[in-house]
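Hi everyone, thanks for coming. Let me pull up the structure, and then I'll walk you through a few things that I'd like you to look at with me.

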Amino acid sequence: MTDTNREMTKKEASVPEGVERTKPRRVFKPDVDITEQKDDTVLTADLPGVDDKSLDITLEKNVITIRGKVEPEIPAGYRLAYGEYEVGDYERAFTLSDEVDKDRIQATIKNGVLRLVLPKASAAKARKIAISAE
Amino acid sequence: MLWTDVDRLGYLDPWRILDRLNRASTGMLAPSTSEFPLVNVWMDGDRVLVTSELPGVEPKDVDISVAGKMVTLRGSRTSADVCKDECQHRHERWSGNFTRSFELPYLIDQNKVEAKFSKGVLQLMLPRAEADKPRKITIKAE
């Protein structure tokens, strides 16, 4: 699936009303793809500038939260001549259904892309029921 | 119109208006014309640093070409998880081939171009060609 003409912008992550962030840095909502396969659901998120050390994934009850810290890497002396994006942290949370086996969640990050594998609990796997003819 | 409706629309927010004015006047941050990948251009005298967010692109799949004043970034990004539409719950990430070209205000020294790629962020250093640098004229005091 390709979409060459889609407009790109970084979407800012939402904060609850009346709540402020402690850091003055901006926080963005990463773009994600979620695909469901036979045995697991795979969540892929774009987190440019984030590696395994600056990424934090927490699971609390049914909510999985992805937080990525990005340190701006611009050598001193440079000034911005043309800008299309801003550098900021990433944050996004998802509610998992009960069919996810929470003990076997796997996360890998490569080239700024997080791949989160959410395996299905064995009870949730579709069971094929054999029909016996009488 | 209820006052709460006006508030929700947000166009009466003075900070938002100021922010928009500031962006318009400086010509910076023009997300409405941007395409994948997003690019920032930084300048320091006779050097330009182009940074671009290319998450999920392998460094070997990025093709950078420099000719005269022009720099071109080419590459592609494909979705790793191949599946039919029914199994896709969300599809927000961009995929496909991309090409972005920029013209710098000077000739680029092709031998000194440096490219760095880490954590999905590309940093491209484009120094000005020695022959293109303006000649310094010393003033003699009489």
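**A walk through chains B and A**

Let's begin with chain B: of its 142 residues, 37% are buried. Please keep in mind that this is a predicted model. Chain B is built from two helices and eight strands. If you trace the chain from the N terminus, the elements read α-α-β-β-β-β-β-β-β-β.

Now for the contacts and the surface. Take the contacts in chain B with a separation of 6 or more: 51% of them are between residues 24 or more positions apart. As for what chain B shows to the outside, about 9300 Å² is exposed, and 53% of that comes from carbon and sulfur atoms.

Next, the aromatic rings. How many aromatic pairs does a search of the whole structure find? Over all chains, the search finds three. One that I'd like to show you is B:Phe36 with B:Phe98, an edge-to-face pair with 5.5 Å from centre to centre and 75° between the planes. Edge-to-face is the right label here because the angle between the planes is over 60 degrees.

Where do these two rings sit? B:Phe36 is in the loop between helix H2 (14–26) and strand S1 (39–44) of chain B, while B:Phe98 belongs to strand S6 (residues 96–103) of chain B, so the pair ties together parts that are 62 residues apart in sequence.

Are these two residues buried or exposed? The cut-off for buried is under 20% relative accessible area, so B:Phe36, at 5%, counts as buried. B:Phe98 is buried too, with a relative accessible area of 3%. There is also a third ring to point out: ring pairs link B:Trp94 with B:Phe36 and B:Phe98 into a cluster.

Let's move over to chain A. Here, five strands make an open sheet with mixed pairing, and their order is S1-S2-S8-S6-S5. At the edges you'll find strand S1 (11–12) and strand S5 (55–60) of chain A, each of which pairs on one side only.

Inside that order, have a look at strand S2 (residues 27–29) and strand S8 (residues 89–95) of chain A, which pair in the parallel sense over two bridges. A:Phe28 stands opposite A:Tyr90 in S8 of chain A. A:Phe28 also has a charged neighbour: A:Lys10 lies over the face of its ring, 4.7 Å from the ring centre.

That's my tour. I'm happy to rotate the view for anyone who would like another look.

Note on methods. Residues numbered from 1 in each chain as written. Chains lettered and ligands numbered in written order. Predicted model: local features only at pLDDT ≥ 70, side-chain atom pairs only at ≥ 80, totals over all residues. Heavy atoms only, no water. Phe/Tyr/Trp six-rings, centres within 6.5 Å; stacked < 30°, edge-to-face > 60°. Helix = DSSP H or I, 4+ residues; strand = E, 2+ residues; numbered from the N terminus. Buried < 20%, exposed > 50% of the residue type's maximum accessible area, 1.4 Å probe, protein only. Lys NZ or Arg CZ within 6 Å of the ring centre and 35° of its normal. Contact = heavy atoms within 4.5 Å. Areas by Shrake-Rupley, 256 points an atom, 1.4 Å probe, with all protein chains shown as cover. Pairing = 2+ DSSP bridges.
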